[in-house]
Protein chains: 2
Amino acid sequence: MATISEQTFFLDPDFEGTLQQQLQHMVTSAILSGRLKPGDKLPSSRKLAAHLGISRITVTLAYTELLANDYLTSRGRSGYYVSLSAPRPPAFDLTRGGSEDSVDWSRALGQKFSTYAPLHRPPDWRRYPYPFIYGQTDPTLFDHRNWRVCAMQALGQRDFEALTADYYERDDPKLVEYILRHILPRRGITARPEEVLVTLGAQNALWITAQILLTQRRLAAFENPCYPGLREILNQTRCKTLAVDVDTDGLDPTALSGEVDAVFTTPSHQCPTNATLPLERRRALLDRAEADNFLVVEDDYEFEMSFLDTPSPALKSLDRHGRVIYIGSFSKSLFPGLRLGYLVGSEPFIREARALRALVLRHPPGHLQRTAAYFLSLGHYDSQIKRMGLAYGERRAVMDQAIRAHGLTMAGDAQFGGSSFWMTTPQGVSSSALADALLDHGVLIEPGRAFFAPDAPDDRHYRLAYSSIPADRIAEGIARLAQALTRLQTGPGRPHRTPAPMSF
Amino acid sequence: MATISEQTFFLDPDFEGTLQQQLQHMVTSAILSGRLKPGDKLPSSRKLAAHLGISRITVTLAYTELLANDYLTSRGRSGYYVSLSAPRPPAFDLTRGGSEDSVDWSRALGQKFSTYAPLHRPPDWRRYPYPFIYGQTDPTLFDHRNWRVCAMQALGQRDFEALTADYYERDDPKLVEYILRHILPRRGITARPEEVLVTLGAQNALWITAQILLTQRRLAAFENPCYPGLREILNQTRCKTLAVDVDTDGLDPTALSGEVDAVFTTPSHQCPTNATLPLERRRALLDRAEADNFLVVEDDYEFEMSFLDTPSPALKSLDRHGRVIYIGSFSKSLFPGLRLGYLVGSEPFIREARALRALVLRHPPGHLQRTAAYFLSLGHYDSQIKRMGLAYGERRAVMDQAIRAHGLTMAGDAQFGGSSFWMTTPQGVSSSALADALLDHGVLIEPGRAFFAPDAPDDRHYRLAYSSIPADRIAEGIARLAQALTRLQTGPGRPHRTPAPMSF
C-alpha cells in the first residue's frame, strides 16, 4: 500500500487516441504490469493534471471511467485507490519480453565475469539447526547494542561531515589512527598513516592489490587450497599463476619458483586448513623474497581468533625491506556486512591503491568508518574479541571431543584457534555428496571443492566452522554427520541433488 | 590518552640482552616512535607478564626502572602511565626510513593509477563564506533527523541480517523494490529486479559498466567537456576513445563515428554544461545505436534537481531494444558520502555487473541499503527533493539576477534546473587564475579545465554551483567574482599559486 507520485506518469507524444484514453491506458497498464498494486493510492486529479499540464476535468473523467470498470475505488474525499478486485498482472512477464532486446549480448559484453561462483550457502541457513557454516555473525556474540550506540554517535551533528561528505584521498582519520596505534601493534607492525588504506573489506583489498602488482606477463603464486575469491581475482587479472600445495605447516617457501612476482599467503591461519606458518618458514619466505625480488601479500583475515595461544606476530612485522603487503579485515571481528578492511604497505604502493580505489568506488562510506572508529576506541572491539574467544574456545573443545569420539578425520591441526576445522572424508566418500545428504538432516557443512584449483579437483575435504553454531548443538550435529558418513560408505550412492527447503 | 593493550607487545627472539632490558627497550622505543603518547596507560604488570609468558617480577623491575628515568609515572594503585615529561618522538621519522625499502617500486608496480587527480576542493571549504562548490550536502536542506531515525530502525533487531550478513548475489530487496516501483517510473522506466544492480555510487556504476563493455579494441565515445572521473575510467580501461564536443543542446548524435561500441552521455543535465538533450536528438541517438549496433550509457546523476520544469523522461524510457544502460545516484538527492547508486540494463549485462561487483567488493554495505530503503519508503526522500527544489529555485533566481547585473557570461542555459551554472571568462582571463585570485576573498569556484580533454585544454570555463551557498550570500559572492574579473582584465597578472588558509 503506497502513495503513487504523480511524477511517475508521463504523456506519450506518440499515443494514438484522446488524452482521456491515454490517461486510462496509463493507469490500467500500470496495474496490469504490477507497478500499481491493489490498495495503492493514486495522485489527486489536481496534482496529476498540474504535472502533465492538462485540464483537471480530463483526469477526473478518466478516473471516473476507471472506477466504473473496477480498476479503481474511491474512498470519499480521501481520494482514488487501486481496487482490491482490480485485474491482477499475469503470472508471466508482460512488460518486456527478451525478444525485444536487439542486442547480441554475447558480442556486446567485452569481458565476462559471471563464471565466478561464490561459496554456496543457503540464504535461509539460520533455519538449519546445525549450521557449521563459516564467517557469519553470531547474534549471541556480537555486541549489537553498543554498535547501535556508536552508530548513533556517528550520526550526530558533530559528525555530519564524516557522514555526508565525499572525499577521495583521505580515510577517516579516527579509524586510521586506531588501526595504527592499537591494531597493527598487536600484530607487531609499525606503520605511518601514508602506509595504510581503508578498503571495502578484505576482498576489495585483495582485488586492489592484484590489479596493481600483476599484469598478464607477471606470475602470482598462491596457496592450494585457498580462498576461492582470491583464485577468481587472479583469473580475472589474467596474470600467470602458480598454485603451491600447502602442507600441515602451510606454504613451503622452497616450493616457489624463482620467476614469481607476488606470493599470496595466509600465514596466521591458512585458509582453509588453519595451519600456522612456523617462524623458520616466515624467515625463509622473506629471505627468498629479497633474494628473488618478489613481493608477499599477507592476508591476515582472522588473526583476532587466536584464543588457544598468543598469536604469532604478522609476517609483516618481520619485513625489513618493504616486501610485505598486509591485509586486515573487520569481517570476522565485527561483521562481514560492514565491508571494512585495510591495506598496509610501502607508500608508493598505497598511493596507487588509493588512486585505484578512487577510480572504482571513491571511498568506503564515511559513516561506517566513523562508527567502527567509535566502537574500536571505546573498547567494545576488545571486549567482543574476548567474548568470541571464550565462546569459540568452548565450542572448539566440544567439537574436538565429538569429532574424536566419532572417529572423524581432521586434515590438519590449528595451533592458535580460528573458527573452523578442516576435515577429510573416508576413502570413496565425496564431500559434496555428504553436504547434500546432510541438508535433509538439518546440518550444513561446506564441501571443500571450491578451495582447490579446478585442474586438480578435490572432493574429499570439507570445512566445519563453529562460529555460528551454539555449543549445545554441536554434539548432535557431529553425530548426524557421522551417521551420514556411515550411510554413504555402506548404502547405495544417493543422487547428487539440491533438495527443497525443509522444516526440521 | 588511551589504555594500551598488552597484546601490542611482543618478545623479539633475536634481542641481545636480558628480558628486563628488552622490556625497557620495548616501552622506550614505543614512546620514542610516538606509538605511546604522554598520558597513555600501560598494561598492568600481571597482564603483560601473562601475555609474554614471563615472570611478573621482571615486568615490575622494568617498569620501576622506567619510572626512575621518567618515561613512566605511577598513579598509586591505578597503574603506570607514560610520563607527561617523557622524551618526545623526534620530528623526523625514526621508525622506518625509506632507505630500508629494498623494493624498486617503479618496477614492482604492474599498473599505475595515481595520475588521476580528482577535482580540487579545499578540505576546509566550509570555512569559506562564498562556496560555489558542487555536489556537497547542505546541512540546512538535508533531513538529518529523519535519516537518523531510519538508520536507527535499520540498526534494530529485526534488521540484524540486513546489517551484518554478507551476501553476493542479492541486493536489499526493499531498496530494489523502491527503485523499481517509485524511482524508475518517475523517469518513465519499467524494469524487473533482474535488470537492476545497486552500486557503490554512480562512479562505481560507471566503472563497472566500462569494464564490461570495453576492451582495448573497442571504441568509447564520450562528451567533451565531461565528468573527469569518466575520462579517467576510460583511460584506465585502455579502450579507444572519441571525445565529442557538446553544443547548447548537448551531444550531437550525427557527430558519432559508425565504429563506436559504447556512448557515454548525460542527457538530462549535461555534465558540466547543464544542457538537456532534446527529444529529436534522443530519438536520433537511439536510432543510430540500433543501426550501428552500439550501446548507450546514460548517466542520470541529478535528475531530481529539475525544479524549473517537469523533467523529461530518461533516454532509457525510449529504449525499445535494450540498448541503454541507465545509471542513477543518491549522491545528490541524499548525500555523496552514502556511496549508493544503481545500474539498470538488460539481464545479461546486469548478470556480469553483479559478478564483477562481487569480485571487486562483494556488495554495498547492507545497513546503508536498508537505511536508504526506509528513508525512501517513508516519503522523506520526496520531501527532501521538494525542499531542495524550492531552495535551489530561489538560489538560482538570485544568482541569475546577480550574474546578469554584473554582466558575467553564461556558457549555456539549463532548461530544467540542476545545481550549477556553467560560465565563461572574458577573453584572456584564465579560470584557474580567477579561482586562485578568489580564494583570498573567501570565494570558491570550480575552474573548468578538469572537464576538458587534455589534448584540447580549455581554461576559459568555470562552474558556479548553488547547492552549498545560502541565498543571502550569493549576491556578495558574485560581486566579489566580478571585481576579481575586472582586476584580472586590467591589472598585472598574478602568479598562479595555492595560498595558505585564511580567515575572512
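Contact here means heavy atoms within 4.5 Å. By that criterion, and leaving aside neighbours within four places in sequence, His406(B) is in contact with Ile478(B), Ala479(B) and Ala482(B). The model is predicted. Chain A has 504 residues, of which 61% count as buried, and it holds 15 helices and 15 strands. Chain A can be laid on chain B by a turn of 180 degrees.

**Chain A overall**

- Taken along the principal axes, the C-alpha atoms of chain A fill a box of roughly 85 × 60 × 50 Å.
- The accessible surface of chain A is about 19800 Å², and carbon and sulfur atoms account for 51% of that area.
- Of the contacts in chain A between residues at least 6 apart in sequence, 75% join residues at least 24 apart.

**Relation of the two chains**

- Superposing chain A on chain B gives an RMSD of 0.1 Å, with a shift of 0.0 Å along the axis.
- A turn of 180 degrees with that shift is the relation of a two-fold axis.
- Met152(A) has the C-alpha nearest the axis in chain A, at 3.7 Å from it.
- Both copies use the same surface, since 100% of the contact residues of chain A recur in chain B.

**Helix α10 of chain A**

- Helix α10(A) covers residues 279-292, which makes 14 residues.
- At 1.5 Å a residue the helix should span 20 Å, and its end C-alpha atoms are 20 Å apart, so the expected and modelled spans agree.
- The buried residues in α10(A) are Arg281(A), Arg282(A), Leu285(A), Leu286(A) and Ala289(A).
- Seen down the helix axis, the buried residues of α10(A) fall within an arc of 135 degrees, and therefore line one face of the helix.
- These buried residues pack against three strands of chain A: β7 (262-265), β8 (295-299) and β9 (324-329).
- Turned away from the buried side of α10(A) is a face that carries the exposed residues Glu280(A), Asp287(A) and Ala291(A).
- Asn293(A), just after α10(A), takes a positive phi of about 60 degrees.

**Backbone exceptions**

- Most residues other than glycine have a negative phi, and most peptide bonds are trans.
- The peptide bond joining Asn224(A) and Pro225(A) is cis, with omega about 0 degrees.
- Pro225(A) sits in the loop of chain A between β5 (219-224) and α9 (228-237).
- A second cis peptide bond runs from Cys271(A) to Pro272(A), with omega near 10 degrees.
- Pro272(A) is placed in the loop between β7 and α10 of chain A.
- Arg238(A) is a residue other than glycine with a positive phi, near 65 degrees.
- The loop that holds Arg238(A) lies between α9 and β6 (240-245) of chain A, and Arg238(A) counts as partly exposed because its relative accessibility is 47%.
- In chain B, Arg238(B) also has a positive phi, near 60 degrees.
- Arg238(B) lies in the loop between α9 (228-237) and β6 (240-245) of chain B, and at 46% relative accessibility it counts as partly exposed.

**Cysteines**

- The count of disulfides over all chains is zero, where a disulfide requires a pair of cysteine sulfur atoms within 2.5 Å.
- Cys271(B) is in no disulfide, and the nearest cysteine sulfur, that of Cys226(B), is 7.3 Å away.
- Cys271(B) counts as buried because its relative accessibility is 7%, under the 20% cut-off.
- Cys150(A) is buried as well, with a relative accessible area of 0%.

**His406 of chain B**

- His406(B) is located in the loop between α13 (380-405) and β11 (409-410) of chain B.
- At 38% relative accessibility, His406(B) counts as partly exposed, a class that lies between the 20% and 50% cut-offs.
- The C-alpha atoms of His406(B) and Asn224(B) are separated by 28 Å, and the two residues are 182 residues apart along the chain.

Definitions and conventions: Residues are numbered from 1 along each chain as its sequence is written. Chains are lettered from A and ligands numbered from 1 in the order in which they are written. This is a predicted model: local features need pLDDT of at least 70, side-chain atom pairs count only at pLDDT 80 or more; totals for chains, interfaces and linings use all residues. Side-chain values use heavy atoms; hydrogens and water are left out. Helices (H or I, at least four residues) and strands (E, at least two) are DSSP runs, numbered from the N terminus. The expected span of a helix is 1.5 Å times one less than its number of residues. Buried means under 20% relative accessible area, exposed over 50%, partly exposed in between (1.4 Å probe, protein chains only). The arc is that of the directions from the helix axis to the C-beta atoms. Copies are superposed by least squares on the C-alpha atoms of residues with pLDDT of at least 70 in both. Accessible areas come from the Shrake-Rupley method with a 1.4 Å probe; for residues, only the protein chains shown count as cover.
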